[in-house]
Amino acid sequence: MSRNFALSKPLSIFPRISPSTKIQTLNPQPFTDHNLNNPSNINNITFNPETFFTSLLDRSTCRRHLNQIHSQIIVTGLQFNGFVITKFIHLGSNLGEISCARKVFDEFPEPYVFLWNAIIRGYSKENMFSEAIMLYTRMQNMGVGPDCFTLPHVLKACGGAAAFEVGRAVHAQIFRRGFEADGFVQNGLVAVYAKCGRIDNAGMVFERLGDRTVVSWTSIISAYAQNGKPVEALRIFKKMRMYGLQPDWITLVSVISAYADIEDLGQGESCHSCVIRMGLESEPDLRIALVTLYAKCGNIMVAKSLFDEVETCNVIMWNTMISGFAKNGYCDEAIVLFKRMLSKNVKPDSVTVCSTILACAQLGSLEEARKMGGYIDQSEFKTDVFVNSALIDMYAKCGSVDLARKVFDKTKTKDIVVWSSMIVGYGLHGKAHEAINLFNLMKQAGVGPNDVTFIGLLTACNHAGLVEEGWRIFNSMKDYNIEPRHQHYACVVDLLGRAGCLDRAYDFIKKMPIKPGVSVWGALLSASRIYRHVALGEYSAEHLFSLDPYNTGHYVQLSNLYASVRMWSGVARVRVLMKERGLAKDMGCSMIEIKGRLHVFRMGDVSHPRSDEIFKEHKRLDARLKEAGLVADTESALHDLSYEDKEESICNHSERLAIVYGLMSTPSGTTLRITKNLRACVNCHAAIKLISRLENREIVVRDANRFHHFKNGECSCGDYW
DNA sequence: CGTCTACATG
């Protein structure tokens with residue numbers, strides 16, 4: 001195939017080579033603009049072009065030269081040389097120029113299997129899985145049979161596309177063609193089934209594997225880890241160690257992420273030291289796993305310091321840290337990190353923006369949410385289903401169910417998550433009829449509900465007080481073959497509790513097929529608090545104190561219950577209990593946005609620059625409220641459990657300060673949006689209702705649990721929360 | 001020439 005020939009003009013751009021030069025001893029200098037554009041050192045010499053090009057293609061690292069190399073290949077008549085063209089396709093896909101590789105592939109007349117392998121590998125590497133699978137099909141239609149190198153690439157594509165049926169078909173071919181003994185192919189199959197969520201199939205392939213290497217074990221360990229079975233994954237890891245096999249770094253990635261899943265910081269840390277012992281600290285993917293571990297275990301500072309040590313982070317590292325912050329409630333930090341990433345010209349992907357949107361949702365600032373929405377709107381992500389469901393959730397959680405609906409309406413492909421996000425959004429705001437209408441539309445659109453859809457519907461009924469409707473919906477779950485989960489039971493208890501059917505709620509709990517947990521007992525306690533049922537409240541609280549002993553909220557609820565029936569001894573007992581356990585009442589904290597700035601208030605807070613004005617205005621408003629007949633419920637003033645707080649006027653609660661500041665600094669008629677960290681207090685709730693009428697303002701308050709829309713002296717929660 | 005990994009919406 002090779003022949004000597006005289007250099008013709010276009011090749012003069014290449015560096016000087018003597019005819020006898022062996023490829024490996026070629027001038028190792030990189031293929032740069034300098035030697036490209038400096039033809040002076042090139043003369044008419046002869047050489048072997050095939051070896052020359054294969055070597056060049058092996059060494060080149062610059063995508064700008066691909067087209068030039070291609071035209072040189074054509075000039076030298078090597079465009080029909082299979083070796084050269086295969087190398088070219090390899091290089092093209094390694095440099096991320098898959099379309100260039102494809103062009104060359106398409107121009108090649110002979111159906112050589114290694115060319116197909118190269119192009120399928122390229123698409124698989126570029127995550128263009130369906131294209132890879134299509135080419136595989138076409139290859140067979142053209143009568144080219146796969147070899148043992150084709151199959152791992154195809155399997156990777158099947159896994160990436162989560163294409164179970166295709167994967168199974170490929171599995172069948174593997175048998176027919178006798179590749180079932182190939183370890184690479186087998187390990188690939190385990191991974192395909194794992195990524196399609198078919199853990200049983202993965203296990204079957206693994207069981208039949210005769211020669212299990214570290215890679216085989218890693219495949220099955222990660223299969224369990226990826227499918228929500230971290231405990232099982234770790235069990236298999238121990239088994240692998242018993243066989244005397246040492247994990248490689250990829251094994252450790254899977255093991256660490258399993259420990260992250262079960263939030264076992266201790267074991268995770270020993271993996272970390274193992275990583276250090278093995279000298280794998282600088283392996284980027286391992287570091288990502290470790291950052292995830294520490295973030296999931298709530299050790300965000302350690303996660304951050306591991307992140308900070310990395311000089312150049314890839315997108316996934318950024319994503320990991322951003323979502324770590326967001327999930328731990330460090331919303332500001334997440335958003336700041338996103339901005340820093342943009343300023344460093346790192347291109348975000350859909351995962352990045354999903355995590356940042358989550359941070360905005362948690363922050364609750366509609367202003368910040370709008371900015372994020374604007375960014376998405378002019379980005380490539382505006383049609384991404386993941387991103388759109390995150391946006392719907394964000395707008396709903398930031399108080400604007402209308403903006404959520406706008407995103408919902410313009411989302412073309414509505415999957416179950418998109419529908420459910422919107423239904424849950426309506427649920428948060430107590431818009432039960434809208435939620436139910438949407439549920440019907442969803443069914444008409446041929447999308448089947450899942451468990452989250454029902455959580456949305458039940459919370460909607462709950463927050464809107466539609467007890468019977470909610471009960472009916474709960475019972476309809478079995479028609480859809482959806483097993484109620486803990487959350488669903490909690491919604492029903494809440495629902496019955498709201499109606500004052502405490503005994504029925506208690507009966508319902510007793511008949512639950514699963515062990516009632518925190519949210520179920522929490523719902524019963526909160527119903528007991530509202531209907532002043534001390535015995536049931538105490539009973540629920542007992543469960544809560546043992547299940548969730550460090551959650552201050554439960555203690556406060558019980559104390560409020562005692563206070564409401566003037567059982568001061570009970571209030572004192574709770575206070576002692578809290579002190580014993582080292583708990584202090586969470587500081588109430590409210591935020592309001594004015595002109596794009598977030599103003600934070602705490603109880604009796606005088607730190608605001610306009611504090612004097614605020615308190616003056618506050619006093620004036622208070623007088624008006626009294627005049628209008630508002631009587632402060634002084635008994636529940638004692639719901640503040642610390643002695644210090646008791647002296648503070650209940651009127652100084654943070655949400656009031658935020659509202660006063662909002663009234664002062666916005667034109668009349670503007671909707672005020674407040675976010676607070678705790679549940680609304682009885683006094684403030686009554687006061688805000690009145691304020692909404694007196695000042696003729698809509699006031700939207702997001703408390704720790706739900707939204708309250710105050711308007712004309714009424715609240716959307718119907719005074720139950 | 002290839003197999004195992006990390007981040008993500010309700």
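Rings of Phe, Tyr and Trp (its six-membered ring) count as a pair here if their centres lie within 6.5 Å; planes under 30 degrees apart are stacked, over 60 edge-to-face, and the rest tilted. Keep that rule handy, since the tour starts with rings.

A word on what's on screen: this is a predicted model, where local features need pLDDT of at least 70, side-chain atom pairs count only at pLDDT 80 or more, and totals for chains, interfaces and linings use all residues. Residues are numbered from 1 along each chain as its sequence is written, chains are lettered from A and ligands numbered from 1 in the order in which they are written, and side-chain values use heavy atoms, with hydrogens and water left out.

**Stop one: aromatic rings**

By the ring rule, the count comes to 23 aromatic pairs. Select Phe439 and Phe454: their ring centres are 5.8 Å apart and their planes stand at 65 degrees, so this pair is edge-to-face. Phe439 sits in helix α25 (residues 432-444) and Phe454 in helix α26 (residues 451-464), 15 residues apart, so to speak a link between distant parts of the chain. Helices here are DSSP runs (H or I, at least four residues) and strands are too (E, at least two), numbered from the N terminus.

Are these two rings buried or exposed? Phe439 has 8% relative accessibility and counts as buried, and Phe454, at 0%, counts as buried as well. The cut-offs: buried is under 20% relative accessible area, exposed is over 50%, and partly exposed is in between (1.4 Å probe, protein chains only).

Now pick Tyr506 and Tyr539, whose ring centres are 5.6 Å apart with planes at 90 degrees, so this pair is edge-to-face. Tyr506 belongs to helix α29 (residues 502-510) and Tyr539 to helix α31 (residues 534-547), so the pair ties together parts 33 residues apart in sequence. Tyr506 is partly exposed at 22%, and Tyr539 is partly exposed at 31%.

Next, highlight Phe83, Phe108, Tyr112 and Phe114, which form one aromatic cluster.

**Stop two: charges over rings**

Show Arg198 and Phe164. The charged end of Arg198 sits over the ring of Phe164, 3.8 Å from its centre; the test is NZ of Lys or CZ of Arg within 6 Å of the ring centre and within 35 degrees of the ring normal. Then try Arg504, which lies over the face of Trp471 at 4.9 Å from the ring centre.

**Stop three: DNA strand B**

Which residues are closest to DNA strand B? They are Asn187, Asn319, Lys327, Ser389 and Asn450, and 43 residues surround the strand (near means a heavy atom within 4 Å). By class, the surface near the strand has 19 nonpolar, 17 polar and seven charged residues. Nonpolar covers Ala, Val, Leu, Ile, Met, Phe, Trp, Tyr, Cys and Pro; charged covers Asp, Glu, Lys and Arg; the others, Gly among them, are polar.

Zoom in on Asn450: a polar side-chain atom of Asn450 lies 2.4 Å from a base nitrogen of DNA strand B. For Asp248, a polar side-chain atom is 3.3 Å from a base nitrogen of the strand. Lys195 has a polar side-chain atom 3.2 Å from a phosphate oxygen of the strand.

**Last stop: Ile262**

Select Ile262, found in the loop between α14 (249-261) and α15 (265-277). Ile262 is partly exposed, at 35% relative accessibility. Not counting residues up to four places away in sequence, Ile262 touches Pro230, Val231 and Leu234 (contact means heavy atoms within 4.5 Å).

Note on methods
Polar contact = N/O pair within 3.5 Å; in protein donor to acceptor, adjacent residues only side chain to side chain.
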